[in-house]
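Open the model in your viewer, show it as a cartoon, and keep the sequence panel at hand. The tour begins with the whole chain and then moves from one selection to the next.

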Amino acid sequence: LIFQRLTLRNLRLKMSPKYEKLFDEEIKEFIRISETFAQEHVGDSVEKLRQNYNEMVKHFRQVRPPNVQVEDKKVAFKERSLIYRQYSKGTDNKSDLIYFHGGGFVVGGLESHDDICAEICESTGCNVFLLDYSLAPEVKYPEFFLDAIRFYYFIKNPERRLILVGDSAGGTLAGFVANKVRNVSIRPEAQVLIYPDLAGEISGANKRRFYDAPLLTQDDIDFYHKCAGLPLKMGLHDLIRNFDNDNMPKTLLVSAEIDPLADDCQSYVESLKQHGCDITYLEGLGLPHGFLRARHLSKKARIVFDEIIRFINQTI
């Protein structure tokens with residue numbers, strides 16, 4: 001769950017009627033369980049924030065499919081060495097997939113998205129590569145973006161198809177990489193951006209439609225942007241205003257309907273369409289930010305996850 005800051009406010013107050021009627025019972029239960037791991041960020045250390053997040057992740061984590069092999073490896077760049085996890089099956093379809101995990105550039109890592117990557121590998125046959133990229137506040141912007149682009153060039157093999165996938169902050173990284181390599185010979189086959197953060201400045205004169213949504217609020221996004229040191233203007237995370245979107249690869253953009261980040265998705269879709277991109281927009285109706293973690297609890301979340309798998313299979 002990228003940019004997720006679970007707060008004690010959510011525990012003290014019942015879900016507002018505005019949101020009660022938007023979620024079905026399965027998603028309400030997912031939200032209730034998620035919020036039992038809540039904490040206020042003010043005055044708490046990043047270490048405590050990560051601890052609570054990891055406990056939430058552990059609760060929802062699924063067992064890896066038995067036919068998926070996993071190996072942790074290290075890649076050494078000039079600036080730093082990073083760990084990544086490779087998922088593979090016995091059969092090779094000549095396709096690779098890089099997954100950038102969510103977490104607001106502050107939380108998350110190899111364990112937080114392990115089951116998601118294992119299931120993608122099992123369902124598609126792709127070799128999946130999950131990068132443990134640098135996090136704030138230990139490092140600041142733009143280091144996590146640089147980690148992502150370096151890792152792309154490390155993994156990309158011109159003899160193999162490659163798809164970029166990411167959720168939330170990871171979706172931002174995937175979109176950034178896809179844009180930066182769109183005019184090179186070893187460009188990816190496709191990008192899959194799942195409830196990504198697409199705009200540089202979240203706060204403004206007008207509140208977003210779902211600015212106070214469960215699991216992710218507009219204030220939460222601002223908090224993580226500041227923690228990561230993201231600039232308000234001309235940042236690498238502003239995929240709508242700061243980049244030309246010509247020659248972009250085939251794209252699947254997945255939004256969560258009840259999510260303050262959803263406001264920017266349509267603008268991104270229109271930008272790519274204007275430049276002739278083959279783009280599919282999939283809206284997760286009645287779903288909150290971070291719903292991938294609910295794919296085994298919610299029929300709605302599972303349908304969207306299956307559509308993501310179908311897109312990947314059709315692409316490769």
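Start with everything selected: for 316 residues, a compact globule would have a radius of gyration near 20 Å, and the protein has 18 Å, which agrees. Bear in mind from here on that this is a predicted model. Turned along its principal axes, the protein has C-alpha atoms that fill a box of roughly 55 × 45 × 35 Å. Coloring by secondary structure should bring out ten helices and eight strands.

Keep the whole chain selected and switch to a surface, of which the protein exposes about 12900 Å², with carbon and sulfur atoms supplying 50% of that area. Beneath the surface, 59% of the 316 residues count as buried. If contacts are drawn between residues at least 6 apart in sequence, 79% of them join residues at least 24 apart. If you color by charge, there are 42 positive and 45 negative charges, and the mean positions of these two sets are 1 Å apart.

Next, select helix H3, residues 25–35. Its buried residues are Ile27, Lys28, Phe30, Ile31, Ile33, Ser34 and Glu35, so the list includes charged side chains, Lys28 and Glu35, beside Ile and Phe. Then add aspartate 24 to the selection and look at the start of H3, where a side-chain oxygen of aspartate 24 reaches to within 3.2 Å of the backbone nitrogen of glutamate 26.

Move on to the loop between strand E2 (81–88) and strand E3 (95–100), and select glycine 90 there. Is glycine 90 buried or exposed? Its relative accessibility is 76%, and because the cut-off for exposed is over 50%, glycine 90 counts as exposed. A distance drawn from the C-alpha atom of glycine 90 to that of asparagine 67, 23 residues apart along the chain, should read 7.5 Å.

Stay in the loop between E2 and E3 and select lysine 94. Most residues other than glycine have a negative phi. Lysine 94, although not a glycine, has a positive phi of about 65 degrees, and with a relative accessible area of 49% this residue is partly exposed.

Go forward to the loop between E3 and helix H5 (114–124), where phenylalanine 105 is placed. Phenylalanine 105 also has a positive phi of about 65 degrees without being a glycine, but here the residue is buried, with a relative accessible area of 0%.

Now select the loop between strand E4 (127–132) and helix H6 (143–155), which holds proline 137 as well as proline 142. Most peptide bonds are trans. In this loop, the bond from alanine 136 to proline 137 is cis, with omega near 5 degrees, and the bond from tyrosine 141 to proline 142 is cis too, with omega near 10 degrees.

For the last stop, select serine 255 in strand E7, residues 250–258. Which residues does serine 255 touch, leaving aside those up to four places away in sequence? They are Tyr195, Cys265, Tyr281, Leu282, Glu283, Gly284 and Phe291. With a relative accessible area of 1%, serine 255 is buried. Show its side chain together with that of tyrosine 281, and a polar contact of 2.9 Å can be drawn between the two.

How values were computed. Residues numbered from 1 in each chain as written. Predicted model: local features only at pLDDT ≥ 70, side-chain atom pairs only at ≥ 80, totals over all residues. Heavy atoms only, no water. Helix = DSSP H or I, 4+ residues; strand = E, 2+ residues; numbered from the N terminus. Rg over C-alpha atoms; globule rule 2.2 N^0.38 Å. Buried < 20%, exposed > 50% of the residue type's maximum accessible area, 1.4 Å probe, protein only. Contact = heavy atoms within 4.5 Å. Areas by Shrake-Rupley, 256 points an atom, 1.4 Å probe, with all protein chains shown as cover. Charge placed at Lys NZ, Arg CZ, Asp CG, Glu CD. Polar contact = N/O pair within 3.5 Å; in protein donor to acceptor, adjacent residues only side chain to side chain.
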